[in-house]
Amino acid sequence: VLIFIIILLVTYVIERFFTLRRAVGKVSMVDFKSRFMEYLAQKDFDGAIAHCDSHSNLATNILKTGLRASVKGSGKNATVVKNPVEIRRTFEETISRETPILERNLVIVTTIASISTMIGLLGTTVGMIRAFQAMAHAGAPDAVQLARGVSEALFNTAGGLLAAIIGITANNILVTKVDQLTYEINDAVHDTMDIL
């Protein structure tokens, strides 16, 4: 059970790292945002959308979707067709549709990190029961069964602790990355709404 849990944990952690890496993209958000804001300040909405297309990640998808919904026309004829409240609602809806992908499967990592020590403790208890059963025989205790029970208890303790350490560490790293990306997205959206 513990081996299966550790394999499952490592699989979900790797999946989350790749998903977050894809969501962050290859370009720094600071560099992207400064150029994006220049396009918006010049009212070059087509340039801003093209800039988003050239840097495909979660933040650029949100900005591009919100911008397309708020601006009509193209080139010099492009104008903002929504009032500030509608623009805010458009961006909030876009964020609520796009950002859940960041937190998907994190609950599984958290759950595994929480229960792995308990499963390890359960295995430790079962191993110790077997060890004491080996000692309960009349006369000399069964040394093989005693060693097997103690060994089982120690392996389960080590496995439960290993899964918990991996799970808690990975969960903290992933949650920090999600929070940082969410902050950067909200900051970029806020600045975009101010300019629009």
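Buried means a relative accessible area under 20%, exposed means over 50%, and partly exposed lies in between. Keep that scale at hand for these exercises, which all use a predicted model.

**Exercise 1. Sort the partners of a salt bridge by accessibility.**

Task: Find which class, buried, partly exposed or exposed, Arg68 falls into, and do likewise for its salt-bridge partner Asp53.

Solution.
- Step 1: Start with the pair itself. Arg68 and Asp53 meet through their side chains in a salt bridge, at 3.9 Å from N to O. The cut-off here is 4 Å.
- Step 2: Place the two residues. Arg68 sits in helix H4 and Asp53 in helix H3, 15 residues apart, and the pair links distant parts of the chain.
- Step 3: Apply the scale. Arg68 has 45% relative accessibility, so Arg68 counts as partly exposed. Asp53 has 42%, so Asp53 is partly exposed as well.

**Exercise 2. Describe the surroundings of helix H3.**

Task: Say which residues of H3 are buried, and which elements they pack against.

Solution.
- Step 1: Helix H3 covers residues 45–54, and its buried residues are Phe45, Gly47, Ala48, Ile49, His51 and Cys52.
- Step 2: Those buried residues pack against two helices, H2 (29–41) and H4 (58–70), and two strands, S1 (71–72) and S2 (79–80).

**Exercise 3. Compare how H1 packs against two other helices.**

Task: Work out which of the terms roughly parallel or roughly antiparallel fits H1 with H8, then H1 with H7.

Solution.
- Step 1: Helix H1 (residues 2–24) and helix H8 (residues 143–195) pack at about 15°, their axes being 10 Å apart.
- Step 2: An angle under 35 degrees counts as roughly parallel, so H1 is roughly parallel to H8.
- Step 3: Look at the contact. H1 passes H8 in a left-handed crossing, and the residues of this contact comprise 17 nonpolar, four polar and two charged.
- Step 4: Turn to helix H7 (residues 106–135). H1 and H7 pack at an angle of about 155°, with axes 10 Å apart.
- Step 5: An angle over 145 degrees counts as roughly antiparallel, so H1 is roughly antiparallel to H7.
- Step 6: The crossing of H1 and H7 is left-handed. On the H1 side, the contact is made by Leu2, Ile5, Leu8, Leu9, Tyr12, Val13 and Arg16, while H7 contributes Leu106, Ile108, Val109, Ile112, Ser116, Ile119 and Gly120. By type, these are eleven nonpolar, two polar and one charged.

**Exercise 4. Follow two salt bridges across the sequence.**

Task: The structure holds eight salt bridges. For Arg104 with Glu15, then for Lys33 with Asp191, find where the partners lie.

Solution.
- Step 1: Recall the general idea: side chains of opposite charge can pair when their charged atoms come close.
- Step 2: In the salt bridge of Arg104 with Glu15, the closest N and O atoms are 3.7 Å apart. Arg104 lies in the loop between H6 and H7 and Glu15 in helix H1, so the pair ties together parts 89 residues apart in sequence.
- Step 3: Check accessibility. Arg104 is partly exposed at 42%, and Glu15 is partly exposed at 23%.
- Step 4: Widen the view. Glu15, Arg16 and Arg104 are linked in a network of salt bridges.
- Step 5: Now the other pair. The side chains of Lys33 and Asp191 meet in a salt bridge at 2.6 Å, N to O. Lys33 is in helix H2 and Asp191 in helix H8, 158 residues apart, and the pair links distant parts of the chain.
- Step 6: Lys33, at 16%, counts as buried, whereas Asp191, at 23%, counts as partly exposed.

**Exercise 5. Examine two residues with positive phi.**

Task: For Lys43 and Asn105, decide which is buried and which is exposed.

Solution.
- Step 1: Lys43 is not a glycine, yet it has a positive phi of about 60°. Lys43 belongs to the loop between H2 and H3.
- Step 2: Asn105, also not a glycine, has a positive phi of about 70°. Asn105 lies in the loop between helix H6 (100–103) and H7.
- Step 3: With a relative accessible area of 60%, Lys43 is exposed. Asn105, at 18%, is buried.

Definitions and conventions:
Residues numbered from 1 in each chain as written. Predicted model: local features only at pLDDT ≥ 70, side-chain atom pairs only at ≥ 80, totals over all residues. Heavy atoms only, no water. Buried < 20%, exposed > 50% of the residue type's maximum accessible area, 1.4 Å probe, protein only. Helix = DSSP H or I, 4+ residues; strand = E, 2+ residues; numbered from the N terminus. Contact = heavy atoms within 4.5 Å. Axes fitted to C-alpha atoms, helices over the stretch in contact; angles between N-to-C directions. Parallel < 35°, antiparallel > 145°, perpendicular 65-115°, else oblique. Left-handed = near helix turned anticlockwise from the far one by under 90°. Nonpolar A, V, L, I, M, F, W, Y, C, P; charged D, E, K, R; others polar.
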